[in-house]
Amino acid sequence: MDIKKGIKFVAIGFLFTLVNFNLKFNGNATMNVMPDFIGWLLFFLAFDKLGMYVDEKKYLKWMSLCLIILSAVAWLLDMIAPELEIQWYTTIVGIVEAVYIFLFFGPLENIANDYQCKQEDMIHTLRYVNVTVFAILALAELLAGVMSVASIVSVAIVFSVIGIVAAIVTCITLFKLSKEINQNELS
């Protein structure tokens, strides 16, 4: 069990799952240079490091494995078959990701509490901010055909910016948590 390393995996993985930098090529084809499946792989690898905090949440480990596969398929389809409209698919995956992030932040809160770290309240707040961002972006994708393009673009831009800021704050907070745990163990 190496909690500090597990938290670092989660921090970096979280950036990959929330931040997208897409490159366009061959007309409609896109490639996300920060693919979600790498983030989910890091979440998957974090489980062995977090030990007792996730022992009763093995379903999250297997859920991250499923998300690795689903997001890798979506990533490949965006590059090789952009003409396929997989909007419903990405919406479902987005909802699953929102639930996953919400559930996974519980053990992170417990870790911060057990090690008496200052980041506990921030992790609690970020748990709700991140699940909201994931859910609203998934909902915006679902409603893309119903709402006006301007409305969807506005919502997507606002929540994408909030999501990027939340991802950066989450990563910084998790790295601080790892550092504080290390300091607490040394003292």
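## Exercises on a predicted model

In this predicted model, the axes of α1 and α2 cross at roughly 165° and come within 7 Å.

**Exercise 1.** Work out how α1 and α2 run relative to each other, and state the handedness of their crossing.

*Solution.*
- Step 1. Take the crossing angle of α1 and α2, roughly 165°.
- Step 2. Apply the cut-off: angles over 145 degrees count as roughly antiparallel.
- Step 3. α1 and α2 are therefore roughly antiparallel to each other.
- Step 4. The handedness of the α1 and α2 crossing is left-handed.
- Step 5. Check the contacts. Residues of α1 that meet α2 include Ile 7, Val 10 and Phe 14. On the α2 side, Trp 40, Leu 42 and Phe 43 are among them.

**Exercise 2.** Describe the largest nonpolar core and find which helix gives the most to it.

*Solution.*
- Step 1. The largest nonpolar core has 46 residues.
- Step 2. Six helices, α1, α2, α3, α4, α5 and α6, each supply at least two of its residues.
- Step 3. α4 (87-114) gives the most, with 10 residues.
- Step 4. Ile 7, Tyr 100, Phe 104 and Leu 108 have the most contacts inside the core.
- Step 5. Follow one of these. Leaving out residues up to four places away in sequence, Leu 108 touches Ile 7, Val 10, Ile 123, Leu 174 and Leu 177.

**Exercise 3.** Explain why Cys 171 is not bonded to Cys 117.

*Solution.*
- Step 1. Searching the whole structure gives 0 disulfides.
- Step 2. A disulfide needs cysteine sulfur atoms within 2.5 Å.
- Step 3. The cysteine sulfur closest to that of Cys 171 is in Cys 117, 17 Å away, so it is too far for a bond.
- Step 4. Consider burial. Cys 117 is buried at 7% relative accessibility, and Cys 171 is buried at 6%.

Terms used
Residues are numbered from 1 along each chain as its sequence is written. This is a predicted model: local features need pLDDT of at least 70, side-chain atom pairs count only at pLDDT 80 or more; totals for chains, interfaces and linings use all residues. Side-chain values use heavy atoms; hydrogens and water are left out. A nonpolar core is a set of buried Ala, Val, Leu, Ile, Met, Phe, Trp, Tyr and Cys residues joined through side-chain atoms within 4.5 Å. Buried means under 20% relative accessible area, exposed over 50%, partly exposed in between (1.4 Å probe, protein chains only). Helices (H or I, at least four residues) and strands (E, at least two) are DSSP runs, numbered from the N terminus. Contact means heavy atoms within 4.5 Å. Axes are lines fitted to C-alpha atoms, for helices over the stretch in contact, and angles run from 0 to 180 degrees between N-to-C directions. Angles under 35 degrees count as roughly parallel, over 145 as roughly antiparallel, 65 to 115 as roughly perpendicular and the rest as oblique. A crossing is left-handed if the near helix is turned anticlockwise from the far one by less than a right angle, and right-handed if clockwise.
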